[in-house]
Amino acid sequence: IPRSNIISVMAIDPSGVAARNRRGPGQWQQFSNYGAQSVDIAAPGTLVLGIPSDGRIDCGDGTSFAAPMVTAAVALVWAQHPDWDYQTVRRAILETARPAEALRGKCVTEGVLDIEAALNWRPQ
């Protein structure tokens with residue numbers, strides 16, 4: 001979606017590649033979206049710990065886990081810098097992505113969300 005206020009997110013698994021989940025013994029299925037020009041950044045989306053509605057701890061998979069991590073990072077950066085506009089907050093998130101070899105050609109930043117770096121980023 002060509003909008004300047006959107007950050008498109010792909011999920012990665014713990015090894016840092018496009019997210020996949022196990023479908024059986026030795027069978028893995030990639031499930032994350034990706035795109036060198038259409039997806040901006042990656043965030044964890046496989047084996048993410050959570051608390052389902054029944055209150056037990058469980059692991060889950062999906063881009064629905066990765067996108068909220070980026071959303072939380074946006075909220076944290078904007079809370080720390082309420083005077084920044086959305087373009088500056090977006091730059092802080094994308095320009096501080098931690099490069100990952102496995103993400104070459106998979107997303108615009110070719111990197112993974114780095115919340116600490118985004119919080120420490122300053123516009124130039």
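**Helix packing and nonpolar cores: a short note**

1. A good place to start is Val70: beyond its neighbours within four places in sequence, Val70 is in contact with Ile7, Val9, Ile41, Ala43, Ile93 and Leu113. Please keep in mind as you read on that this is a predicted model.

2. Several of those names come back in the nonpolar interior. The largest nonpolar core has 18 residues, and Val70 is among those with the most contacts inside it, together with Ile41, Val77, Ile93 and Leu113. At least two residues of this core come from each of β1 (9-12), β4 (41-44), α1 and α2. Helix α1 gives the most, with five residues.

3. There is also a second core to look at. This one is separate and has nine residues, including Ala18, Val39, Ala42 and Ala100.

4. Now to the two helices themselves. Helix α1 covers residues 63-80 and helix α2 residues 86-95; they pack at an angle of about 120 degrees, and their axes are 10 Å apart. Angles of 65 to 115 degrees count as roughly perpendicular and those over 145 as roughly antiparallel, so α1 is oblique to α2. Their crossing is right-handed.

5. Which residues make the contact between them? From α1 they are Val70, Ala73, Val74, Val77 and Trp78, while α2 brings Tyr86, Val89, Ala92 and Ile93. By class, this contact of α1 with α2 has nine nonpolar residues, with no polar and no charged ones.

6. If you have the structure open, Val70 is a handy residue to click on: Val70 belongs to the helix contact and is also one of the residues with the most contacts inside the largest nonpolar core.

Methods: Residues numbered from 1 in each chain as written. Predicted model: local features only at pLDDT ≥ 70, side-chain atom pairs only at ≥ 80, totals over all residues. Heavy atoms only, no water. Axes fitted to C-alpha atoms, helices over the stretch in contact; angles between N-to-C directions. Helix = DSSP H or I, 4+ residues; strand = E, 2+ residues; numbered from the N terminus. Parallel < 35°, antiparallel > 145°, perpendicular 65-115°, else oblique. Left-handed = near helix turned anticlockwise from the far one by under 90°. Contact = heavy atoms within 4.5 Å. Nonpolar A, V, L, I, M, F, W, Y, C, P; charged D, E, K, R; others polar. Core = buried A, V, L, I, M, F, W, Y, C linked by side-chain atoms within 4.5 Å. Buried < 20%, exposed > 50% of the residue type's maximum accessible area, 1.4 Å probe, protein only.
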